[in-house]
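Me: Take a close look at one part of this structure, please. Start from a single residue, then work outward to the elements around the chain. Keep it brisk and connected.

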Amino acid sequence: MTVKIKKCNIEDLQMLQEISIETFNDTFKEQNSPKIMKAYLERAFNLKQLEKELSKISSEFFFVYVNNEVAGYLKVNTNDAQSEEMGEEALEIERIYIKNKFQKHGLGKYLLNKAMEIAMERNKKKIWLGVWEKNENAIAFYKKMGFVQSGAHSFYMGDEEQMDFIMTKTLR
């Protein structure tokens, strides 16, 4: 299995949309109504929205490839791009998703290590993320990787309020 990471650019917009919709839908469709899922996917992952996110200086996307096939992706934010005010010493992992057929192969850890590498290169003191309180597998994974719950915030799927745990990891 050959694994590599590539930073996304505007030419990757269509692929970014495809993998964003596929992985988000696969992760959350069982716990949310089709109507709410459809509305969220159309709002969060339309080409105009993703292009705006891709062009933001303080946000970066990365694809992880397995044998030259896109298997997942990562989005990190710094400074004003963070979804919560965490300060200049923090890096946010906003999205980290792996396609179903590539899960349980260590790719999440691979992407998480990439995020930590970026944070350390930029002299960040901590990394953080929001994870849905009902996503027990992800919470267990982040705990195993050294993250601790440090708070919570609301996440809206349509007009339905859900709760995300904020998990942080101190670097160095």
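Reply:
**From one helix to the sheet**

Met15 lies in helix α1. The model is a predicted one. Met15 has a relative accessibility of 32%. Buried would require under 20%, and exposed over 50%. Met15 therefore counts as partly exposed. Asn135 is 120 residues from Met15 in sequence. In space, the C-alpha atoms of Met15 and Asn135 are 25 Å apart.

Now the helix itself. α1 covers residues 13-28, which makes 16 residues. At 1.5 Å a residue, α1 should span 22 Å. The C-alpha atoms at its ends are 22 Å apart, so expectation and model agree. The buried residues of α1 include Leu13, Leu16, Gln17 and Ile19. Ser20, Thr23, Phe24 and Phe28 of α1 are buried as well.

What does α1 pack against, and at what angle? Its partner is helix α2, residues 34-44, and the angle is about 155°. Over 145 degrees counts as roughly antiparallel. That cut-off is passed, so α1 is roughly antiparallel to α2. The axes of α1 and α2 are 11 Å apart. The crossing of α1 past α2 is right-handed.

Next, the sheet. Seven strands form it, and it is open. The order is β1-β2-β3-β4-β5-β7-β6, with mixed pairing. β1 (3-7) and β6 (148-157) stand at the edges. Each of these two has a single partner strand, so one side of β1 and one side of β6 have no neighbour in the sheet. On average, neighbouring strands are turned by 30° against each other, direction ignored.

Follow the order inward to β3 and β4. Seven bridges pair β3 with β4 in the antiparallel sense. Within that pairing, Tyr73 has Tyr97 in β4 as its bridge partner. The loop between β3 (69-78) and β4 holds Asn79. Asn79 is not a glycine, yet its phi is positive, about 50°. Its relative accessible area is 33%, so Asn79 is partly exposed.

β4 leads on to β5. Strand β4 (residues 90-98) pairs with β5 in the parallel sense, over four bridges. Opposite Ile93 stands Leu129 of β5. How does the chain cross from β4 to β5? The path goes through helix α4, residues 107-121. This β-α-β crossover is right-handed. On the way, the loop between β4 and α4 contains Lys104. Lys104 also has a positive phi, near 70°, in a residue other than glycine. Lys104 has 77% relative accessibility and therefore counts as exposed.

That brings us to β5, residues 126-132. Is this strand largely enclosed or open to the outside? Five of its seven residues are buried, so β5 is largely enclosed by the rest of the structure. One neighbour of β5 is β4, as the parallel pairing shows. Another is β7 (residues 160-170), which runs antiparallel to β5. Seven bridges join β5 and β7. Val131 has Phe165 of β7 as its bridge partner.

To recap the two ends of this tour. α1 starts it, with partly exposed Met15 and with buried residues such as Phe24. β5 ends it, joined to β4 by four bridges and to β7 by seven.

Methods: Residues numbered from 1 in each chain as written. Predicted model: local features only at pLDDT ≥ 70, side-chain atom pairs only at ≥ 80, totals over all residues. Heavy atoms only, no water. Expected span 1.5 Å × (residues − 1). Buried < 20%, exposed > 50% of the residue type's maximum accessible area, 1.4 Å probe, protein only. Pairing = 2+ DSSP bridges. Right-handed = clockwise from strand over helix to strand, strands pointing away. Axes fitted to C-alpha atoms, helices over the stretch in contact; angles between N-to-C directions. Parallel < 35°, antiparallel > 145°, perpendicular 65-115°, else oblique. Left-handed = near helix turned anticlockwise from the far one by under 90°.
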